[in-house]
Amino acid sequence: MAALGHTFPFYAGPKPIFPMDTTSATIIMIFLTALATFIVILPGIRGKTRLFWLLRVVTGLFIGAAILAVNFSSEWSVGQVSTNTSYKAFSSAWISADIGLQVGLGGVNITLTGTPMQQLNETINYNEEFTWRLGENYAEEYTKAMEKGLPDPVLYLAEKFTPRSPCGLYRQYHLAGHYASAMLWVAFLCWLLANVMLSMPVLVYGGYMLLATGIFQLLALLFFSMATSLTPPCPLHLGASVLHTHHGPAFWITLTTGLLCVLLGLAMVVAHRMQPHRLKAFFNQSVDEDPMLEWSPEEGGLLSPRYRSMADSPEPQDIPLSEASSTKAYCKEAHPEDPDCAL
């Protein structure tokens, strides 16, 4: 190998690396496009309604984008360490590198970046993903990684998450990711229903669905935290250093979004009980759209229209049956040709 400039000709080179997760980037771009579309039509809205409408749109899109992005994120549990470690199998060469571990709901992501990046006459910059979502075989992906000849630190961390590893990390995080992802999908459906109901005169039910959105996000955090704490932590030794993991950005974003949904849902329920007219004004809904209907804040609006009271309606006149019969007989005798008397 010395004749080849200390390179390793039998190993594949590192694949190109995108600066961020492509799935998260796609989700963010979709919601940013939707936000830009709403901003374009913003000048057509007059008065204070413009500010209220913009606030509702930004908040709603942020919640939806956050729920989807964290569901596909690989940063629920993260860790990083700088160390000197062996590079590849069947070689005594050592490198100085930053090693990162990101654990998501559907797999793990392992990064290896040399410090400096150019060492041993090659660029050391790896970003490898191993998944355990439905339809994916983690053990098979690990076998392919060994066949490709990935660096030792990447294979070492990936091996800790295999189903046969004595650490039990696969069973631990696979279970956590399964239930947490299910809760997030239910939260996303609740968010969709909340947006539909908030566009109709049933604001209180939109508040209930927004409250349910936050509750399911908090349940996802609970499942993830409980499942990952069932087993003692497995030591991850890399050279002379130990890699420790902690909750990542996706965990804290879910916590923030869940608490925001709970607070907004409670605020809407309370406002519906205390100040229903102001709540309708905030959502650009007026109770005077139909003067024949009066909306009941206790019953939820559109689902239970209540007609105007008897005091506002003309009082019915009761005509005795005998008097009505005599009047009809007299009309027929006095005006037999009148069509109104024949009815």
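Helices here are DSSP runs of at least four residues, numbered from the N terminus. With that in hand, here are some close-up views of this predicted model.

**View 1. Two tyrosines meet on helix α6.** Welcome to Y205 and Y208, which sit 3 residues apart, about one turn of the helix, in α6 (residues 203-228). Their rings form an edge-to-face aromatic pair, with 6.0 Å from centre to centre and 70 degrees between the planes. Y205 is partly exposed because its relative accessible area is 30%, and Y208 also counts as partly exposed, at 34%.

**View 2. Ring pairs build an aromatic cluster.** The structure holds 18 aromatic pairs. Ring pairs join W76, F130, W132, Y138, F161, Y170, Y173, F224, F251 and W252 into one cluster.

**View 3. Two spans that UniProt lists as transmembrane regions.** The unreviewed UniProt entry gives this feature to several stretches, including residues 210-230 and 250-271. Residues 210-230 are 90% helix and 0% strand, and their end C-alpha atoms lie 31 Å apart. For residues 250-271 the span is 100% helix, again with 31 Å between the end C-alpha atoms.

**View 4. A look into the second largest pocket.** This pocket holds about 610 Å³ of space. Of its 22 lining residues, R56, V57, G60, L198 and F283 come closest to the centre. Helices α2 (49-72), α5 (169-198), α7 (249-274) and α8 (276-282) each give two or more residues to the lining, and α2 supplies the largest share, 8 residues. The lining is made up of 17 nonpolar, 4 polar and 1 charged residues. Domain 1 (22-72) and domain 2 (77-284) each contribute at least three of the lining residues.

Key:
Residues are numbered from 1 along each chain as its sequence is written. This is a predicted model: local features need pLDDT of at least 70, side-chain atom pairs count only at pLDDT 80 or more; totals for chains, interfaces and linings use all residues. Side-chain values use heavy atoms; hydrogens and water are left out. Rings of Phe, Tyr and Trp (its six-membered ring) pair if their centres lie within 6.5 Å; planes under 30 degrees apart count as stacked, over 60 as edge-to-face and the rest as tilted. Buried means under 20% relative accessible area, exposed over 50%, partly exposed in between (1.4 Å probe, protein chains only). UniProt positions are given in the numbering used here, feature names are shortened, and annotations may be inferred rather than shown by experiment. On a 1 Å grid over the protein atoms alone, a cavity is a set of points where a 1.4 Å probe fits but cannot get out, and a pocket is an open set with protein on both sides within 12 Å along at least five of seven lines; lining residues have an atom within 4 Å of a point. Grid points are joined across faces, edges and corners, and a volume is the space filled by probe spheres set on the points. Ala, Val, Leu, Ile, Met, Phe, Trp, Tyr, Cys and Pro count as nonpolar, Asp, Glu, Lys and Arg as charged, and the others, Gly among them, as polar. Domain bounds come from an automatic or database domain assignment.
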